[in-house]
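Biologist: Please take one side chain of this model and look at it closely, then go on to other parts of the fold. I am new to this structure, so explain each term as you use it.

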Amino acid sequence: MEASSEQQKKSENSSSSSSSKLLLYSYWQSSCSWRVRFALSLKGLPYEYKPVNITKGEQFRADFKRLNPLHFVPVLVDGDITVSDSYAIVLYLEDKYPQRPLLPADPRLKALNLQAASIINSNIQPLHMLSVLKHLEEKVGPEESLSFAKLNIEKGLLALEMLLKDFASRYATGDEVYMADVFLAPQIVVSTSRFNINMSKFPTLNRLYESYKMLPEFDASSPERQPDAVH
């Protein structure tokens, strides 16, 4: 009876926590924020959108610094738990809210998803951040800054193309949308719209993007549909 009572208590706590409102500090054009919005949409988790206008320096406010001393979006607040960095947030959501898994059960495919997401999170996006490119532009000029960004984006996309080509089906690692897709879809949009990357060089990734565009969760999480979007 004690074990049963304890199990019921855990279930009630989980249910209560799941029903609480998640807070997402986001900026509409941030691809890192987009990943989290996409993940939340896929999992069907409602949340309150808290805009942080990074072009106006709102990420440096004292109240936001308490949430993330690095001054980056996104930040997720779930009750008394605060998580920053999109990679960490998606893994947190996967542990806390297992409905609609974003990581497959198969160990090989799970590792593949984590690797693909990590390439984007660590080896592509940080090298074309606005703050990085602005610093480079001041030091070496706008052309060199843009060339640096494009070089690293294409290097990363080529790695992803080679990594996924033998596993991709409708989506990056099969017929279900997983973490690799959550990270890849916004990155492709940024690569093409901001940096004019020719995706024909990456036929697997280009084909995957056509599938992403058909997903209502991808559309719902897109920058243009966010409350702080400027049209």
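Modeller: The side chain of T204 makes a polar contact with the side chain of E161, at 2.8 Å. A polar contact here is a pair of N or O atoms within 3.5 Å; within protein, one must be able to donate a hydrogen and the other to accept it, and residues adjacent in sequence count only if both atoms are side-chain atoms. The model is predicted, so local features need pLDDT of at least 70 and side-chain atom pairs count only at pLDDT 80 or more, while totals for chains, interfaces and linings use all residues. Residues are numbered from 1 along each chain as its sequence is written, and side-chain values use heavy atoms, with hydrogens and water left out.

T204 belongs to helix α9, residues 203–212. Helices (H or I, at least four residues) and strands (E, at least two) are DSSP runs, numbered from the N terminus. With a relative accessible area of 9%, T204 is buried; the word means under 20% relative accessible area, exposed means over 50%, and partly exposed lies in between (1.4 Å probe, protein chains only). Leaving out residues up to four places away in sequence, T204 touches E161, K165 and A168, where contact means heavy atoms within 4.5 Å.

Next come the aromatic side chains. The whole structure holds 7 aromatic pairs. Rings of Phe, Tyr and Trp (its six-membered ring) pair if their centres lie within 6.5 Å; planes under 30 degrees apart count as stacked, over 60 as edge-to-face and the rest as tilted. W34 and F218 are stacked, because their ring centres are 5.1 Å apart and their planes meet at 15°. This pair links distant parts of the chain, with W34 in helix α2 (residues 31–43) and F218 in helix α10 (residues 216–220), 184 residues apart. F218 also forms an edge-to-face pair with Y209, at 6.3 Å centre to centre and 90° between the planes. W34 is buried, as is F218, and Y209 is buried too. One aromatic cluster takes in W34, F38, Y209 and F218.

The helix that carries W34 is mostly covered: 12 of the 13 residues of α2 are buried, including R35, R37 and K43. What covers the buried residues of α2 includes β1 (22–26), β2 (47–51), α4 (86–96), α5 (107–124), α8 (179–193) and α10. From first C-alpha to last, α2 reaches 18 Å, close to the 18 Å expected; that span is 1.5 Å times one less than the number of residues. Just after α2, G44 has a positive phi of about 70°.

One of the elements covering α2 is α5, which also packs against helix α7 (residues 142–164) at an angle of about 175°, with axes 10 Å apart. α5 is therefore roughly antiparallel to α7. Axes are lines fitted to C-alpha atoms, for helices over the stretch in contact, and angles run from 0 to 180 degrees between N-to-C directions. Angles under 35 degrees count as roughly parallel, over 145 as roughly antiparallel, 65 to 115 as roughly perpendicular and the rest as oblique.

Last, the backbone in the loops. Most residues other than glycine have a negative phi, and most peptide bonds are trans. In the loop between α3 and β3, H71 has a positive phi near 65°. A cis peptide bond, with omega about 5°, joins V73 and P74, and P74 is in the loop between α3 (62–67) and β3 (75–78). N196, in the loop between α8 and α9, has a positive phi near 55°. N196 counts as exposed because its relative accessibility is 61%.
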